[in-house]
Amino acid sequence: RNLTISSSGNASFSGAVTAGGHIITNTSSRIENQRISMEADGTLDWGSSKQYGTLTWDTNKAIIVGQQSSSLEFRTNNTGVAMTMDTSQNANIPNGKLGIGFTTVPSTPLAVHSALATGSALAELRSTANSNATIDLRADGTGDPRIWFDLNGATPFAIGVDNSDGDKFKISGGANLGSNDRLTIDSAGAATFSGSVTANQF
């Protein structure tokens, strides 16, 4: 049988249900242990237990909620996890890249593009408590922690720590530390300049 209606008015279908118009429900609250239900206010619930998700809305916004200690997981290509968000609102993108201001996929794990107004900052990293605001550039293995200064694809200067040269701090005239070094400071504080030093006085 394709359709069964009980004496209380409950209907069940053994096959797919296709509606050409609206589906209307008067359910006042979520129905436990149902795969999907819709409440009277239009909230859509899904899940077969008390750990479920809801799709609802508030003023000028749609809301997706993982209820009852449930996290959120967004997937692509059916199985690939694109992003997860746990109950403490911690978000994780395990394998992909995050681009802000992009219309295509960025080439780096994190990229921010913006047509800034004059005098505007591209990013702000701020400690709102009575603690230090720290940027940690960490290179595991034999790599160098470094910063590039890029002018439209050209890198005239780089600063960082040269892992292959006694962990010396360097300012280099190019992208790579150890090549065209302009200033080198060793762990003892001795500084070496590759060119002339001009000063009004010492």
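**Nonpolar patch**

I started with the greasy side chains on the surface of this predicted model. Ile-93, Leu-98, Ile-100, Leu-110, Val-112, Leu-116 and Leu-122 form a nonpolar patch there. Together they offer about 570 Å² of accessible area.

Which strands supply at least two residues of the patch each? I found two of them: strand S10 (98-100) and strand S11 (110-112).

I then looked up Leu-122. It sits in the loop between S11 and strand S12 (146-151). Its relative accessible area is 48%, so I put Leu-122 down as partly exposed.

**Whole chain**

I checked the make-up of the chain next. I noted zero helices and 16 strands. Of the 202 residues, 12% count as buried. The chain exposes about 16,200 Å², and carbon and sulfur atoms supply 49% of that.

I also looked at contacts with a sequence separation of 6 or more. Residues 24 or more positions apart account for 3% of them.

**Sheet S7-S8-S9**

How are the three strands of this sheet ordered? The order I read is S7-S8-S9, in an open sheet with antiparallel pairing. Strand S7 (72-76) and strand S9 (91-92) stand at the edges, and each has a single partner strand, so one side of each is left without a neighbour in the sheet.

A reminder to myself: strands of a sheet pair through backbone hydrogen bonds, either parallel or antiparallel.

I followed the S8 to S9 pairing down to residues. Strand S8 (residues 80-85) and S9 pair in the antiparallel sense over two bridges. For Met-85, the bridge partner in S9 is Ala-91.

**Salt bridges**

I got seven salt bridges for the structure. One of them joins the side chains of Arg-75 and Glu-73, at 2.4 Å from N to O. Glu-73 is partly exposed, with a relative accessible area of 41%.

Another one brings together the side chains of Asp-165 and Lys-168, at 3.6 Å from N to O. I looked up the cover on both partners. Asp-165 is partly exposed at 29% relative accessible area, and Lys-168 is partly exposed at 25%.

Then I went to Lys-170 and Asp-181, whose side chains meet in a salt bridge at 3.0 Å, N to O. This pair links distant parts of the chain: Lys-170 is in strand S14 (residues 168-172) and Asp-181 is in strand S15 (residues 181-185), eleven residues apart.

Are Lys-170 and Asp-181 buried or exposed? Lys-170 has a relative accessible area of 2%, so I call it buried. Asp-181 has 19%; the cut-off for buried is under 20%, so Asp-181 counts as buried too.

Which residues do salt bridges with shared partners join into one network? I listed Asp-162, Asp-165, Lys-168, Lys-170 and Asp-181.

**Thr-155**

My last lookup was Thr-155, which has its place in strand S13 (residues 154-162). With a relative accessible area of 19%, Thr-155 is buried.

What does Thr-155 touch, leaving out residues up to four places away in sequence? I wrote down Trp-148, Phe-149, Asp-150, Gly-174 and Ala-175.

Note on methods:
Residues numbered from 1 in each chain as written. Predicted model: local features only at pLDDT ≥ 70, side-chain atom pairs only at ≥ 80, totals over all residues. Heavy atoms only, no water. Pairing = 2+ DSSP bridges. Helix = DSSP H or I, 4+ residues; strand = E, 2+ residues; numbered from the N terminus. Salt bridge = Lys/Arg side-chain N within 4 Å of Asp/Glu carboxyl O. Buried < 20%, exposed > 50% of the residue type's maximum accessible area, 1.4 Å probe, protein only. Contact = heavy atoms within 4.5 Å. Areas by Shrake-Rupley, 256 points an atom, 1.4 Å probe, with all protein chains shown as cover. Patch = residues over 30% accessible without salt bridge, like charges linked within 9 Å, V, L, I, M, F, W, Y side chains within 5 Å.
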